[in-house]
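Hi everyone, thanks for making the time. I'd like to walk you through one structure today, and please do stop me whenever you like.

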Amino acid sequence: MWHWKQAVAGLLLGALALATPALAQEEVDLDWQWRAEPVAGAPGEVELVATAPIRQGWIVYASGFDAGDFGPRPAKLVVEAGGEPLQPLRSEGAQSRSDRNFAGEYSYTYFAGQATFRQRVRLDAGARQVRGTLAGQSCREASGLCTLFNAPFAVVP
């Protein structure tokens with residue numbers, strides 16, 4: 001005998017199977033390109049530069065704004081080996097916007113089309129590369145779906 005719980009479970013599994021490809025299409029691939037630029041007049045220092053094209057209809061949240069309890073998460077760069085950050089992560093060419101959610105009004109910065117982050121780093125003595133991770137959040141504006149990303153990097157200074 002067919003039980004109602006089995007019917008509901010079957011419907012839920014079927015809906016999940018149909019929704020999974022749609023959710024996968026909502027993710028954005030960010031192809032980060034990294035380089036290290038020497039800092040003029042500061043031997044032993046470089047500026048790490050990360051750039052990525054952003055697909056039409058998507059945004060990437062920049063750095064330099066305060067994250068509230070709810071809403072956008074600013075990008076953060078962590079240097080794990082080879083150097084020490086000398087200043088906060090900078091977002092080059094980011095736009096500003098204010099919005100409101102159930103927790104209140106908030107302001108943030110973001111990129112559309114192209115993202116560029118810069119981080120000044122003092123190199124460790126003898127360092128052959130600087131390694132770390134850029135963490136952030138990207139969102140599809142039409143659906144409001146947001147995903148977190150972690151982009152590991154290794155840059156030769």
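I'll go through the nonpolar cores, the aromatic residues, one hairpin, a set of charged side chains and, to finish, a single threonine.

Please keep in mind that this is a predicted model.

Let's begin inside. Which residues touch the most other members of the largest nonpolar core? That core has 24 residues, and the ones with the most partners within it are Trp-32, Leu-48, Ile-54, Phe-117 and Leu-134. If you want to trace where the core comes from, the elements that each give two or more residues to it are strand 2 (45-53), strand 3 (58-61), strand 4 (76-81), strand 9 (114-123), strand 10 and strand 11 (146-155). There is also a second, separate core, made of 6 residues, with Ile-59, Phe-65, Tyr-108 and Cys-139 among them.

Two of those names come back when we turn to the rings. Phe-65 and Tyr-108 belong to an aromatic cluster together with Tyr-61, Tyr-106 and Tyr-110. Over the whole structure, the search finds 9 aromatic pairs.

Tyr-106 takes us on to the hairpin. It is the bridge partner, in strand 8, of Asp-99. Strand 7, residues 95-101, runs antiparallel to strand 8, residues 104-111, and 7 bridges pair them. The hairpin these two strands form has 2 residues between them.

Now for the charges, which I enjoyed the most. As a reminder, side chains of opposite charge can pair when their charged atoms come close. In this model the search turns up 8 salt bridges, and I'd like to show you three.

The first one joins Glu-37 to Arg-35, at 2.9 Å from N to O. Glu-37 counts as partly exposed because its relative accessible area is 25%, and Arg-35, at 37%, is partly exposed too.

The next one is between Glu-47 and Arg-90, also 2.9 Å from N to O. It links distant parts of the chain, with Glu-47 in strand 2 and Arg-90 in strand 6 (residues 90-91), 43 residues apart. Buried or partly exposed: which is Glu-47? Its relative accessible area is 12%, so Glu-47 is buried. Arg-90, on the other hand, has 34% relative accessibility and therefore counts as partly exposed.

The last of my three is Glu-92 with Arg-118, where the closest N and O atoms are 2.7 Å apart. Here again distant parts of the chain are linked: Glu-92 sits in the loop between strand 6 and strand 7, while Arg-118 is in strand 9, 26 residues apart. Glu-92 is partly exposed at 41%, whereas Arg-118 is buried at 11%. Put these together and you get one network, in which salt bridges that share partners join Arg-35, Glu-37, Glu-47, Arg-90, Glu-92 and Arg-118.

Finally, the threonine I promised. Thr-133 lies in strand 10, residues 130-140. Its relative accessibility is 18%, and since the cut-off for buried is under 20%, Thr-133 counts as buried. What does its side chain make a polar contact with? The partner is the side chain of Glu-80, at 3.0 Å. Leaving aside residues up to four places away in sequence, Thr-133 touches Lys-76, Leu-77, Val-78 and Glu-80, and also Asn-150, Ala-151, Pro-152 and Phe-153.

That's my tour, so thank you for listening, and over to you.

Technical notes:
Residues numbered from 1 in each chain as written. Predicted model: local features only at pLDDT ≥ 70, side-chain atom pairs only at ≥ 80, totals over all residues. Heavy atoms only, no water. Helix = DSSP H or I, 4+ residues; strand = E, 2+ residues; numbered from the N terminus. Buried < 20%, exposed > 50% of the residue type's maximum accessible area, 1.4 Å probe, protein only. Polar contact = N/O pair within 3.5 Å; in protein donor to acceptor, adjacent residues only side chain to side chain. Contact = heavy atoms within 4.5 Å. Core = buried A, V, L, I, M, F, W, Y, C linked by side-chain atoms within 4.5 Å. Phe/Tyr/Trp six-rings, centres within 6.5 Å; stacked < 30°, edge-to-face > 60°. Pairing = 2+ DSSP bridges. Salt bridge = Lys/Arg side-chain N within 4 Å of Asp/Glu carboxyl O.
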